[in-house]
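Welcome! Please take a look at the sequence and the structure below, and then we can walk through them together, one region at a time.

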Amino acid sequence: MPENNSVHLTIDGRAITVPAGTLLIEACRAVNIEVPCFCYYPNLSVQAACRMCLVEIEKMPKLQTACTVPVAEGMVVRTDTPTVHKARKTTNEFLLTNHPLDCPVCDKGGECELQDMTLTYGTGTGRFDEPKRHRDEQQWSPVVFYDRPRCILCYRCVRVCGEGMDVWALGVGNRAILSTILPNAGDHLECEECGMCIDICPVGALTSGAYRYKTRPWEMKHVGAICTFCGDGCRTTLGVRNDRIIRGDNRDASGINGEFLCIKGRYGFDFTQHAERLKTPLARIDGELKPVSWAQALETVARRWRAIQQQGGRFGVIGSTRALNEESYQLQRLARQVLGTNNIDHHRSADLPTLYDALAGTSATGSAPPLAAAASLKTASAVLLVGGDPTYEHPLLAWNVRWGYRLSGTRLYVLHHREIKLRRQAHRMAVVAEGAEGAAVRYLAGQGGAVAARLSAVGPAEEKRYPQLPPPDPQPISGGLEEFKAELEKESNVVIIFGSELRGDDIRALVALGGRLAGQTRYIGLADHSNSHGAADMGLYPDLLPGYESVSDAAARGRFEALWGARLPAEAGLNQREMAEALDRGELAALYVVGANPLRLDPVNPANLRRSFLVVQDLFLTETAKEADIVLPALAAYEKTGTLTNTCGEVQATRRAAAWPGGKSDLEIIHALARLMGVDFGRPDPDRVFAEIRAHVKGYNVSVVQLAAGRSALAVPLNGAVPHRSAPHLIRSNHDTLFSDGTLGRYSHAINEVMEKRLLLPGQAR
Amino acid sequence: MAHPLEIRVVSKRFDDPSAATLKGYLASDGYKALEKALKMKPEAIIEEVKTSALRGRGGAGFPTGLKWSFIPRQSPKPKYVVCNADESEPGTCKDRLIMQFDPFSLLEGMAIAGIAIGAERGFIYVRGEYRYLIDILDRAIAEAYDAGYLGKKLRGTNFHFDLMTHTGAGAYECGEESALLESLEGKRGIPRIKPPFPATSGLYGCPTVINNVETLASVPHIILNGGEWFLKLGLPKAGGVKLTCLSGHVHNPGVYELPLGFPMRRLIEEIGGGVQGGALKAVVPGGSSTPLLNAEEALGVNLDFDSVAKLGSFLGSGGVVVVNDRTCMVKFAKRIIHFYRHESCGWCVPCREGTNWLELTLTRFHLGGGRSEDIDVMFDVAQSILGRTLCALGDAAAMPTISIIQKWRQEFEDHLAGRPCPYEREFAHA
Ligand SMILES: Cc1cc2nc3c(=O)[nH]c(=O)nc-3n(C[C@H](O)[C@H](O)[C@H](O)COP(=O)(O)O)c2cc1C
Ligand code: SF4
Ligand code: SF4
Ligand code: SF4
Ligand code: FES
């Protein structure tokens, strides 16, 4: 910090130095002097509304709000004087005048900032002895309930919804003592149902439909798990009672997502208790799936697999985009070593092998890895987004992009065939014809002719002053893709995010484009689910071993052969589509599906399906499971410990929060089947498997200490070409939304309720 | 009809019905000041206003010339002149007369302000209830445009000044300058955090001068007759004359233009014709937000910023409310706090919750449900609002309450003894 950017001041007699522009309240925090506050919330606009943060500043006649005053050279501040204490006491008392004091039944009781403040700064007794105004609680959406009497009007909800989410669903109505928070749509919310407003509410004024009146916070244990829905890898703190998840929230904000969570991470967990969740293994007996014991089910599988092996039948394996890294790793080992096949694949949504291959061919692998962690979007000077729709498909990335725009002056470039919501933060947005993204990228990379595009632009974010309004609408500008290109070429250190619209050679063009930009370009390939990226890294490909090494590369294969003491097949296997076709032709004797629903993507004639032996391991009776010979009830990610890799390539540890008595983890099942097939994979201990992954999978030699501390570690499985048979037609994003997420989303009551209510006309809900 | 003790400057055309037309205005020296200002250096205009020692007539009494000099001239942003015509302070009713009888003086003052600070656009933010004034102002503006006193190339020079009216929607708080700017921008009328002050970041974040109607209407007189002349009408530190709105228990309520430093006693006795219905008990010296003076204080004070300030009160917006000795001060306090509770914008906690608390307790207290500890609690609540709020409305609510409890505590005690209100019974039979 250069000297002229530092400010020296004295707080409670302590001399401190902080960067110029620091708010006094943050300066106090920096030296662990607590200044109580309600309306102040870091990184949202300041309000000066609650008046809880008043402090004395020498030479100023009145008490000053520490949340709004920037530090100044030589400032002398006192936070511990009788005047300050008195001010806090009465402000706290004011807040309680119309408060119902219904803590014994309030959801927030026990973790309420007003309770805590009252205990620390308040008076023992209140002097207010007048009637209070009651207002009935209101339900604004399936997710959001509002209790006006508990509300202290800190406006955090309004700001997080507007400034943070760019949804602007909440506002302030009436004035004076009748002031109230209200949905801008009137009596209900038309919003993203993220629940951010509920989480940020310091009191129990906003409560969630998923959690309200279910339990008290101290009756739960709180486990930090990684969200099992989209690929962004948010940490969700699961509140668990009697092995059941009661709540998901993010109050400790310790994950890569900071305070962010979307509806799925916050409320989607209830699929774990869905009535249709599989409780026992099922076996097809007389044409029908009937409950059987685990021993019976597993032995049947092993017996049939052995028989098929003896007859020389072909196997196929489909892995999961949500199973943990350890499980996917062991699954491909089972396929290759035990079943002797490279017919293994997963539902691909990002063409990562092509990205890594293209990157290997460039000098991009300079000092820092050419991959970008999610958090880097918050501070990037420029971001280029091609395809995808982060707002709905990757909510954390969208939150971070908006953050960068709002707080770091990030210039966002969007190239898309639709006017996606992030255009509202876009320095340049180019809309091209559907399917023309690849051609546009080639043009930007100087490799092709012009592509017609409509351009719009938004100016830089407003300074942080109150009140914040929705940013102005993007304005159309002229110039087409040329202008976009010229503007983009001024940038350096760009982070490029691309969706499933780009695959194969388009990605090579994208990397060429990135190579032309100044500084270091970094990439994020958007992959659908919580471990889509991990599935790819762990080698759930017919031609790639873990770490993107070729099955036909004798040296690479040899390393794994030595490790496992076995011969592995050297020929590339069938991909998911080819396996479906083989099934249809009766050429695949056995298919083992782990946490996937391939028949939804590649339907097979059921009559033909019956000719092969189908084992499905899942939580629910999916379209695929319904056709199975054996169904094995698996555990959800929230019931397991291990690691996941998010769409950016960040590895994180997740911890078991809940239990499901009938089920077994994929890891346990895979190990059990291997043993029954005569191969000992050892104890199904995720730590041991992860140790092997760290030692043998390219890019995964990450720090376990870092993971154990709850941080993420970027895995960079990059060096050398990736000899991969790119199959663009297999890159198929689900295009999940905030209110859908593959199979799991279909079994979440919370998410479905939102969807159902959305079909109703405004005002018709409830 | 002018009272002989008045010195009519801003109100000099109040008796001339033609002054609200451009023709009539021009006939009585109208727009001579603008013609003069168009030939002056902007800095010289500000100097002249500084010389006049004109202080803001909106309530805070800030020196106007100084305020104008804060506008960063080099700023590339557009600059604005905003007239605060939200006049909502109980006891204040002077700006309406200017706008009704002499609208062009406001237009002229704003154009001169525009030249002085380099603004090419102005807004008059008119209190919503003053709907009838909008027509008058709009008509005057149209006439001024037609004659080149507004618009592009003022009177053929290279100065431009566009002006328009904008109505509030019935919120006292929108008279607070930053809330006014928010409202003018189309947002909720909630004050801004200061600094930055309007001079650097006002309307749409641009340098803005915001002045009261009377302040701006004084400007043409100052430019025409010289700052020195204006200064000499009043006291050195607060030059000139000022409209005083006399109301309450007096025989001749009305708006009178008096030199600063005029004795309150003469105002009440000679101009007001004496206290009506009883003896003098209290005086609100400058609008409902100012601490009350007791009879002795009131009769000894002169109406200028510093003299009133010495008694811990303010000249404020010039609203003098005379209160006779048959008035229950508890009820008076309750009535004042009712206004502020209703008008609190609700943004910040002490004002929103404190005014509510005070009104509830005062109401109960006045009805006879008081307890002895209530008096101290109310005093402490008011003290806890004072100086702790985002804008001065909190202070405006707290100050009269504090002064009433301090100066008429006995009346509160009386309510405890003879409940309900002992005075109401007594006065009813008197
Ligand atoms: C709650 C509140 C209400 C106010 N209402 C008015 C008003 O109605 N008219 C006015 O001129 N000033 C009002 N003011 C004062 C303005 O904030 C501001 O000081 C004034 O417009 C400046 O003009 P001046 O310098 O010419 O007095 C109010 C202030 C507060 C705190
Ligand atoms: S749930 Fe999210 S989008 Fe909806 S109102 Fe709350 S913060 Fe806004
Ligand atoms: S609902 Fe909660 S977050 Fe919103 S203003 Fe009220 S107390 Fe604050
Ligand atoms: S003092 Fe009153 S009027 Fe002013 S900001 Fe606070 S609540 Fe609003
Ligand atoms: S935290 Fe400073 S006023 Fe609320």
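Let us begin at ligand 1, which has 24 residues around it; those that come nearest are Gly56(B), Gly58(B), Gly175(B), Asn212(B) and Thr215(B). Please keep in mind along the way that this is a predicted model. By class, the shell around ligand 1 is made up of eight nonpolar, nine polar and seven charged residues. Two elements of chain B, β4 (208-212) and α17 (393-407), each supply at least two residues of this shell. The largest share comes from β4(B), with three residues.

To place this site in the chain, it helps to know how chain B is divided: domain 1 covers 17-233, domain 2 covers 241-324 and domain 3 covers 329-429. Where does ligand 1 lie with respect to domain 1 and domain 3 of chain B? Both of these domains give residues to the shell around ligand 1, so the ligand lies between them. The C-alpha centres of domain 1 and domain 3 of chain B are 36 Å apart. Nine residues of domain 1 of chain B are in contact with eight residues of domain 3 of chain B. On the domain 1 side of that contact, six residues are nonpolar, one is polar and two are charged.

Staying in domain 1 of chain B, which spans 17-233, let us turn to helix α8(B). Is this helix enclosed or open to the outside? Eight of the eight residues of α8(B) are buried, so the helix is largely enclosed by the rest of the structure. Its buried residues are Glu177(B), Ser178(B), Ala179(B), Leu180(B), Leu181(B), Glu182(B), Ser183(B) and Leu184(B). They pack against four strands of chain B, namely β1 (80-85), β2 (121-126), β3 (162-167) and β4. The last of these, β4(B), is the strand that also gives three residues to the shell around ligand 1.

What follows the helix? After α8(B) comes Gly186(B), whose phi is positive, near 95 degrees. Lys187(B) lies in the loop that runs between α8 (177-184) and β4 of chain B. Lys187(B) has 14 C-beta neighbours inside 10 Å, so this residue counts as partly exposed. Follow the chain from Lys187(B) to Pro198(B), eleven residues along, and you find their C-alpha atoms separated by 16 Å.

Now for the interior. The largest nonpolar core has 387 residues, and the members that touch the most others are Ala49(A), Cys197(A), Val383(A), Tyr413(A), Leu107(B), Ile112(B) and Val283(B). Helix α6 (residues 103-117) of chain B gives the largest share of this core, ten residues. Ile112(B) makes a good example to look at: leaving aside its neighbours within four places in sequence, Ile112(B) is in contact with Ala33(B), Leu34(B), Ala37(B), Ile45(B), Val219(B), Pro220(B) and Ile223(B).

Next come the sheets. Strands of a sheet pair through backbone hydrogen bonds, in either a parallel or an antiparallel way. In chain B, five strands form an open sheet with mixed pairing, in the order β6-β5-β11-β8-β9. Its edge strands are β6 (254-259) and β9 (293-294) of chain B, each of which pairs on one side only. Strand β8 (residues 280-284) of chain B and β9(B) run antiparallel and are joined by two bridges. Through one such pairing, Ala282(B) has Asn294(B) as its bridge partner in β9(B).

Chain A has an open sheet of three strands, in the order β30-β31-β32, with antiparallel pairing. Here the edge strands are β30 (642-645) and β32 (713-714) of chain A. Four bridges link β30(A) to strand β31 (residues 650-654) of chain A in the antiparallel sense. For Gly642(A), the bridge partner in β31(A) is Thr654(A).

Chain A also surrounds ligand 3. Of the 14 residues around this ligand, Cys151(A), Cys154(A), Cys157(A), Cys201(A) and Ala205(A) come nearest. The shell around ligand 3 has 13 nonpolar residues, no polar ones and one charged residue.

Finally, look at where the two chains meet. The contact takes 30 residues from chain B and 28 residues from chain A. On the chain B side, α14 (329-343), α15 (349-369) and α16 (372-385) each supply at least two residues. Helix α15(B) gives the most, with ten residues. By class, the side of chain B that touches chain A divides into twelve nonpolar, nine polar and nine charged residues.

Conventions:
Residues numbered from 1 in each chain as written. Chains lettered and ligands numbered in written order. Predicted model: local features only at pLDDT ≥ 70, side-chain atom pairs only at ≥ 80, totals over all residues. Contact = placed C-beta atoms within 7 Å. Nonpolar A, V, L, I, M, F, W, Y, C, P; charged D, E, K, R; others polar. Near = placed C-beta within 6 Å. Domains from an automatic or database assignment. Pairing = 2+ DSSP bridges. Buried ≥ 20, exposed ≤ 12 C-beta atoms within 10 Å, placed from the backbone. Core = buried A, V, L, I, M, F, W, Y, C linked by C-beta atoms within 7 Å.
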